[in-house]
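User: Could you take a close look at the barrel in this model for me? I would like to see how the strands fit together, what packs around them and what sits by the ligand.

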Amino acid sequence: MYVYFSGIFMSTIVSASLLSSNLCHLEREIRSALTAGCEYIHFDVMDGHFADNLTYGIPVLEACKKAIPEALFDVHLMIDKPQDFALRFLDAGADILTFHVEADCEPRSVCQIIRDYGKKAGITVSPATPVEKLYEYLDCADMFLIMTVVPGFGGQAFMPHCAEKVSLLKDEMNKHRLNIPIEVDGGINAETARICVTAGADILVTGSYFFSKPESERRRAVEMIMR
Ligand code: DX5
Ligand code: ZN
């Protein structure tokens, strides 16, 4: 399947979530994901307020981007006040910067900060938030992320009702003749990927499914997800 993303057509993309990788060997894990066919590296940032966990942030992203500049970092901010941190994440090397519509922010102006910097702006909704919340931002986002688990941890089970949100958002875009990429994140494996792609998802985040495999089986894991 091909989708139009800022002037180019692209096929379904897999984004590897580092949260489930071996964090003592980040550079090696990123290279392994790229070699296996993941086009994006998904970088989950949590602040202990918005999500009930603390992960990594600006200095770690900066180190990763410096080590592997060719990697495209798909940064998922699960934090309050993303407007206060957006520029620092962009300076550190975020290529796509996604924030939550539920965060304490004005989504339109956060998108503007990101776009003015020349990078892609993503907006996401948690499972409990109606997808309709995204409709008023169709003109200012470059990507939408539908969370298929509650933000906080890798390795959770996919919530099937969230796939319906992907179809609803796709329908709404069709009405406006738009085709903005839709990403899904949480509990993605070979089976749930199929459900999401059928619903209209373009970018599939995979954490535990991918990183639990030995390196020799990771390319196959990506093929299974994209199949
Ligand atoms: C959850 C994160 C996800 C998660 C995905 O809060 O946003 O990116 O790490 O991991 P899996 O694929 O294991 O659900
Ligand atoms: Zn994520």
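Analyst: Happy to; what follows goes from the barrel to its core, then to the ligand, and ends with a few loop and helix residues.

Please keep in mind throughout that this is a predicted model.

Let's begin with the barrel itself. Eight strands form a closed barrel in the order E3-E4-E5-E6-E7-E8-E9-E10, and the pairing is parallel. On average, neighbouring strands of this sheet are turned by 25 degrees against each other, with direction ignored. As general background, the strands of a sheet pair through backbone hydrogen bonds, in either a parallel or an antiparallel way.

Several of these pairings can be followed residue by residue. Strand E5, residues 72-78, runs parallel to strand E6, residues 96-100, and four bridges join them. Within that pair, Leu77 has Phe99 of E6 as its bridge partner. Strand E3, residues 13-17, pairs with E10 in the parallel sense, again over four bridges, and here Ala16 is matched with Thr206 of E10. E10 also pairs with E9 in the parallel sense, this time over two bridges, with Val184 facing Leu204 of E10 as its bridge partner.

Strand E10, residues 203-206, is worth a pause for its side chains. Ile203 and Val205 point one way from the strand, while Leu204 and Thr206 point the other way, and all are buried. So two of the bridge partners just mentioned, Thr206 and Leu204, point the same way from E10 and are buried, because each has under 20% relative accessible area.

Outside the strands, helix H4 (residues 107-116) lies across E6 and strand E7 (120-125), and runs at about 150 degrees to E7.

Now for the packing. The largest nonpolar core has 68 residues, and those with the most contacts inside it are Val75, Phe144, Ile146 and Leu169. A second, separate core has eight residues, among them Ile96, Leu145, Val149 and Ile203. Ile203 is thus one of the residues of this second core, and on E10 its side chain points the same way as that of Val205. Val75 makes a good landmark: leaving aside neighbours within four places in sequence, Val75 is in contact with Phe43, Val45, Leu61, Phe89, Ala94, Ile96, Leu97 and Thr98. Two of those residues, Phe43 and Phe89, are also in contact with Gly57, once more leaving aside neighbours within four places in sequence.

Gly57 itself is found in the loop between strand E4 (40-46) and helix H2 (58-67). With a relative accessible area of 18%, Gly57 is buried, because the cut-off for that class is under 20%. The chain also comes back towards this loop: the C-alpha atoms of Gly57 and Arg88 are 31 residues apart along the chain but separated by 9.8 Å.

Turning to the ligand, 20 residues lie around ligand 1, and those that come nearest are Asp44, Gly152, Gly155, Asp185 and Ser208. Two of these five also make polar approaches through their side chains. A polar side-chain atom of Asp44 is 2.8 Å from an oxygen atom of ligand 1, and an N or O atom in the side chain of Ser208 is 2.5 Å from an oxygen atom of the ligand. Gly207 takes part through its backbone instead, with an N or O atom 2.8 Å from an oxygen atom of ligand 1.

A few charged residues round off the picture. Lys65 belongs to helix H2, and at 17% relative accessibility this lysine counts as buried. Beyond its neighbours within four places in sequence, Lys65 is in contact with Ala71, Phe73, Ala92, Gly93 and Asp95. Arg194, in helix H6 (residues 190-199), is partly exposed, with a relative accessible area of 34%. Its contacts, leaving aside neighbours within four places in sequence, are with Met226 and Arg227. The C-alpha atoms of Arg194 and Met224, 30 residues apart along the chain, are separated by 9.3 Å.

Finally, two loop residues deserve a look at their backbone. Most residues other than glycine have a negative phi. Lys81, in the loop between E5 and helix H3 (86-92), has a positive phi of about 50 degrees and counts as partly exposed at 37% relative accessibility. Arg177, in the loop between helix H5 (161-175) and strand E9 (182-185), has a positive phi of about 55 degrees and is exposed, with a relative accessible area of 80%.

How values were computed. Residues numbered from 1 in each chain as written. Chains lettered and ligands numbered in written order. Predicted model: local features only at pLDDT ≥ 70, side-chain atom pairs only at ≥ 80, totals over all residues. Heavy atoms only, no water. Buried < 20%, exposed > 50% of the residue type's maximum accessible area, 1.4 Å probe, protein only. Contact = heavy atoms within 4.5 Å. Pairing = 2+ DSSP bridges. Axes fitted to C-alpha atoms, helices over the stretch in contact; angles between N-to-C directions. Core = buried A, V, L, I, M, F, W, Y, C linked by side-chain atoms within 4.5 Å. Near = heavy atom within 4 Å. Polar contact = N/O pair within 3.5 Å; in protein donor to acceptor, adjacent residues only side chain to side chain.
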